[in-house]
Amino acid sequence: MLRDGDGRAAAVLCVNLDRTPLEKAAAVLSAFGAPTVHRPEPLFDQDWSERIQHAVGGYLREHGRPVERLTRQDRLAVLAELDQAGVFAVRKAALAVAEALGVSRSTVYALLTELRSTPSEGLAR
């Protein structure tokens with residue numbers, strides 16, 4: 001509202017602005033500086049898809065590499081954690097793990113077979 005010399009409303013000024021770029025920048029900056037908080041495990045114990053994402057994401061952050069650069073040994077380590085958590089007892093979990101690791105379902109099954117057949121050697125090779 002623009003006012004005249006006597007303080008009375010004289011005109012209205014309207015400015016249209018697409019705030020999308022500003023909101024995206026704010027989201028990036030807030031995510032960059034946001035502290036990591038441990039999630040309450042009892043809430044997520046039975047959520048196998050969340051467990052897969054959490055295991056893969058945690059491994060990627062811990063080792064500082066993207067999923068595309070995971071080695072065979074890296075994949076075996078992630079599969080060992082997921083197998084120990086019982087994720088593969090759930091129907092279609094192998095497909096979700098394959099998608100999270102960026103490999104085929106048959107690759108997941110082959111690595112899982114290798115891991116289960118020689119558990120101590122599977123991660124040492």
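**Figure 1. Leucine 13, an exposed loop residue.** Leucine 13 counts as exposed because its relative accessibility is 59%, and a residue is called exposed when that value is over 50%. The model shown here and in the other figures is predicted. Leucine 13 is found in the loop that lies between strand β2 (9-11) and helix α1 (20-33). Its C-alpha atom is separated by 6.9 Å from that of leucine 2, although the two residues are eleven residues apart along the chain.

**Figure 2. The protein chain as a whole.** The chain contains seven helices and two strands. Along the sequence, these elements follow the pattern β-β-α-α-α-α-α-α-α. Of the 125 residues, 25% count as buried. When contacts between residues at least 6 apart in sequence are considered, 49% of them join residues at least 24 apart.

**Figure 3. The largest nonpolar core.** In soluble globular proteins, nonpolar side chains tend to be buried together. The largest nonpolar core of this model has 25 residues. Which of these residues touch the most other members? They are Ile52, Leu79, Leu82, Phe88, Val97, Leu101 and Val108. Helices α3 (48-63), α4, α5 (93-101) and α6 are the elements that give two or more residues to this core. The largest share, seven residues, comes from α5.

**Figure 4. Leucine 82 and its contacts.** Leucine 82 is among the buried residues of α4, and this residue is also one of the core members that touch the most other members. Apart from neighbours within four places in sequence, leucine 82 is in contact with Arg51, Ile52, Ala55, Val87, Phe88 and Val97. Two of these partners, Ile52 and Ala55, are among the buried residues of α3, while Val97 is one of the buried residues of α5.

**Figure 5. Helix α3 and its buried residues.** The 16 residues of α3 should span 22 Å at 1.5 Å a residue, and the end C-alpha atoms are 22 Å apart, which agrees. The buried residues of this helix are Ile52, Ala55, Val56, Gly57, Tyr59 and Leu60. These buried residues pack against α4 and α5. Glycine 64 follows α3 and has a positive phi, near 60°.

**Figure 6. Helix α4 and the buried aspartate 74.** Helix α4 has 13 residues and reaches 18 Å from its first C-alpha to its last, close to the 18 Å expected at 1.5 Å a residue. Its buried residues are Asp74, Arg75, Leu76, Val78, Leu79 and Leu82. Is aspartate 74 buried or exposed? Aspartate 74 counts as buried because its relative accessibility is 6%, and the limit for a buried residue is under 20%. Not counting residues up to four places away in sequence, aspartate 74 touches Tyr59, Arg65 and Arg69. One of these partners, Tyr59, is itself buried in α3. Just after α4, glycine 86 takes a positive phi of about 80°.

**Figure 7. The contact of α4 with α6.** The axes of helix α4 (residues 72-84) and helix α6 (residues 105-117) come within 10 Å and cross at roughly 75°. That angle makes α4 roughly perpendicular to α6, because angles of 65 to 115 degrees are classed in this way. On the side of α4, the contact involves Arg72, Arg75, Leu76, Leu79, Ala80 and Asp83, which meet Val108, Leu111, Leu112, Glu114, Leu115 and Arg116 in α6. By class, the residues of this contact divide into seven nonpolar, no polar and five charged.

**Figure 8. Helix α5, a mostly covered helix.** Seven of the nine residues of α5 are buried, and the helix is therefore described as mostly covered. The buried residues are Ala93, Ala94, Ala96, Val97, Ala98, Ala100 and Leu101. They pack against α3, α4 and α6. Just after α5, glycine 102 takes a positive phi of about 75°.

**Figure 9. The contact of α5 with α6.** The axes of these two helices come within 8 Å and cross at roughly 105°. Helices α5 and α6 are therefore roughly perpendicular to each other. In this contact, Ala94, Leu95, Val97 and Ala98 of α5 meet Arg105, Val108 and Tyr109 of α6. By class, the contact has six nonpolar, no polar and one charged residues. Val97 and Val108 also appear among the core residues that touch the most other members.

Conventions
Residues numbered from 1 in each chain as written. Predicted model: local features only at pLDDT ≥ 70, side-chain atom pairs only at ≥ 80, totals over all residues. Heavy atoms only, no water. Axes fitted to C-alpha atoms, helices over the stretch in contact; angles between N-to-C directions. Helix = DSSP H or I, 4+ residues; strand = E, 2+ residues; numbered from the N terminus. Parallel < 35°, antiparallel > 145°, perpendicular 65-115°, else oblique. Contact = heavy atoms within 4.5 Å. Nonpolar A, V, L, I, M, F, W, Y, C, P; charged D, E, K, R; others polar. Core = buried A, V, L, I, M, F, W, Y, C linked by side-chain atoms within 4.5 Å. Buried < 20%, exposed > 50% of the residue type's maximum accessible area, 1.4 Å probe, protein only. Expected span 1.5 Å × (residues − 1).
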